[in-house]
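Student: I am new to this one. Could you show it to me and help me with the words people use for it?

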Amino acid sequence: KDAEIIFLTRNHIGNLNQLISSKGYEVRSLPLLVDGLQSKLSGYEQWLGVEQEVDAKQSIALLDGTEPDLLIVDHYALDKGWESRLRPYVKTIFVVDDLANRKHDCDWLLDQNYNLDITRYDRWATADTVKLLGPQYSLLRDEFTRWRAHIRYRKGRINRIFLFFGGSDPDNLTLLVLRALQHPQLCHIAVDVVIGIGNPYGNDIQNFVAEHPNTKLYVQVENMAELMINTDLAVGAGGSTTWERMALGLPSVVVTIAENQIPFARALSEDGYLTWLGSGQDIDQPRVENSLLGLINQPKKLSAQSLKCQELVDGHG
């Protein structure tokens with residue numbers, strides 16, 4: 001808590017620089033994208049916006065000789081080439097990854113995803129790299145550790161649903177699920193809807209919620225754990241929120257919204273930790289309705305899922 005934290009970001013459209021700054025952190029921003037450059041890039045470098053070498057050079061310039069004690073790297077487009085370029089300017093490198101598809105030059109590597117192959121990074125990192133693999137190393141805010149002490153035994157009855165598809169939800173899955181919940185056999189269920197300030201469909205969702213008194217809307221909340229612990233089932237995306245839900249023993253129906261979420265969501269579903277419906281582009285309202293109607297009649301399954309999730313993710317990270 002006494003550490004000075006600095007964010008290196010790039011001014012992509014929809015960035016959260018202002019939000020980060022509002023929390024009291026320093027933001028050092030890389031230049032805007034050059035028109036036409038992104039079309040020349042491929043794969044994850046399109047997300048980066050420039051070639052790795054260019055990004056490395058600009059990042060070194062932003063460090064301005066400060067030599068951080070720890071550099072945390074979290075980007076699919078960055079690999080050993082970028083990390084090696086930065087190594088002389090930092091003391092320790094900590095990489096967050098879950099693809100296991102490229103080499104790294106780092107001291108620590110975290111992959112919090114569910115994968116039984118503990119050797120998957122042996123070919124991508126050095127023998128000296130400390131590898132933290134699995135949901136027991138989940139990145140969780142302190143609130144989830146605190147609220148875990150208040151977990152109640154879940155009997156599997158669904159009276160309140162927690163709905164959250166991440167900060168942006170570009171496919172508007174939030175509204176799709178809200179409409180599905182108006183099915184005659186589901187409309188009695190109370191719903192807590194959480195969206196981010198960057199959700200492009202925020203006004204539509206707000207209008208829908210205003211017309212349905214059993215739903216409540218929360219925007220960019222600071223009490224996710226408190227909301228989760230007071231609900232009986234979650235419907236949401238397959239990202240890092242997965243581990244938050246599991247830490248609190250909250251059974252969930254998951255729709256993956258990115259390709260990298262599919263392998264661990266499928267595996268968790270097959271092993272009985274959650275219910276995976278598929279990818280966002282394959283989901284429609286009837287599919288959501290049928291899944292929820294089925295779960296209403298399986299309280300024992302949801303109760304067992306709750307206990308199993310708590311065992312896998314202990315809340316300490």
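Tutor: Gladly! Let us start with charges: Lys and Arg count as positive, and Asp and Glu as negative. In this predicted model, the 31 positive and 41 negative charges have mean positions 5 Å apart.

Student: What makes the protein as compact as a globular protein of its length?

Tutor: First, the protein holds twelve helices and twelve strands. Its radius of gyration is 21 Å, and the globule rule gives 20 Å for 317 residues; the two values are close, so the protein is as compact as a globular protein of that length. Of those 317 residues, 47% count as buried.

Student: How many aromatic pairs are there, in the whole structure?

Tutor: A search finds seven. One of them joins Phe 7 and Tyr 25.

Student: Why is the pair of Phe 7 and Tyr 25 called edge-to-face?

Tutor: Planes over 60 degrees apart earn that name. The ring planes of Phe 7 and Tyr 25 stand at 65°, with centres 5.6 Å apart, so this pair is edge-to-face. Phe 7 lies in strand 1 and Tyr 25 in the loop between helix 1 and strand 2, so the pair ties together parts 18 residues apart in sequence.

Student: And why is Tyr 25 called partly exposed?

Tutor: Partly exposed lies between the cut-offs of 20% and 50% relative accessible area. Tyr 25 has 37%, so it is partly exposed. Phe 7, with 32%, is partly exposed too.

Student: How do you know that Tyr 114 counts as buried?

Tutor: Buried means under 20%. Tyr 114 has 11% relative accessibility, so it counts as buried.

Notes: Residues numbered from 1 in each chain as written. Predicted model: local features only at pLDDT ≥ 70, side-chain atom pairs only at ≥ 80, totals over all residues. Heavy atoms only, no water. Helix = DSSP H or I, 4+ residues; strand = E, 2+ residues; numbered from the N terminus. Rg over C-alpha atoms; globule rule 2.2 N^0.38 Å. Buried < 20%, exposed > 50% of the residue type's maximum accessible area, 1.4 Å probe, protein only. Charge placed at Lys NZ, Arg CZ, Asp CG, Glu CD. Phe/Tyr/Trp six-rings, centres within 6.5 Å; stacked < 30°, edge-to-face > 60°.
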